[in-house]
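Here's a quick look at a protein fold, from the overall layout down to a single lysine. Have the structure open as you read.

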Amino acid sequence: MLNAIHHAAIICSDYPRSKHFYTEVLGLEIIAENYRAQRDSWKLDLRLANGGQIELFSFPDAPARPSYPEARGLRHLAFVVESIDEVKARLESRGVEVEPVRLDEYTGKRFTFFSDPDGLPLELYEQ
């Protein structure tokens, strides 16, 4: 019935900072960028290499996301990578703090976490 995840939507607190992070630091391709005057909101559509998308929104006065302790709802967003060591090194060279690489005890795959500018937990999961 469900074939794939088409996109994940993220609301940021500082649009220019988050746009820079997702496009320049993470290297996602811009599909479309629109300012919605009636909402005083930006909507940035970003493409992942496999065709998946992230929608980056800005809304004035959006409440902060409760993260620690973890709240109910979406826990994190995970990205598949070919080489976790290469991506981790690239992020760190751009000033992103990345946790030590761990091993998934159930799959034997390597993974790690980092955060976007608003503290949203993002995961790298090695293919």
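What follows covers the fold, the surface and charges, and then one residue.

## Overall fold

This is a predicted model. The protein has 2 helices and 8 strands. Starting at the N terminus, the order of elements reads β-α-β-β-β-β-α-β-β-β. With a radius of gyration of 15 Å, close to the 14 Å from the globule rule for 127 residues, the protein is as compact as a globular protein of that length.

Along the principal axes, the C-alpha atoms take up a box of roughly 50 × 40 × 30 Å. Now for contacts along the chain: of those with a separation of 6 or more, 46% are between residues 24 or more positions apart.

## Surface and charge

Some 35% of the 127 residues count as buried. About 8,500 Å² of the protein is exposed, and 52% of that comes from carbon and sulfur atoms.

As for charge, there are 21 negative side chains and 15 positive ones. The centres of these two sets sit 3 Å apart.

## A closer look at K88

Is K88 buried or exposed? K88 sits in helix α2, which spans residues 84–93. Its relative accessible area is 16%, and the cut-off for buried is under 20%, so K88 counts as buried.

And which residues does K88 touch? Leaving out residues up to four places away in sequence, K88 is in contact with V98, E99, P100, V101 and L124.

Definitions and conventions: Residues numbered from 1 in each chain as written. Predicted model: local features only at pLDDT ≥ 70, side-chain atom pairs only at ≥ 80, totals over all residues. Heavy atoms only, no water. Helix = DSSP H or I, 4+ residues; strand = E, 2+ residues; numbered from the N terminus. Buried < 20%, exposed > 50% of the residue type's maximum accessible area, 1.4 Å probe, protein only. Contact = heavy atoms within 4.5 Å. Rg over C-alpha atoms; globule rule 2.2 N^0.38 Å. Areas by Shrake-Rupley, 256 points an atom, 1.4 Å probe, with all protein chains shown as cover. Lys, Arg positive; Asp, Glu negative; His and termini not counted. Charge placed at Lys NZ, Arg CZ, Asp CG, Glu CD.
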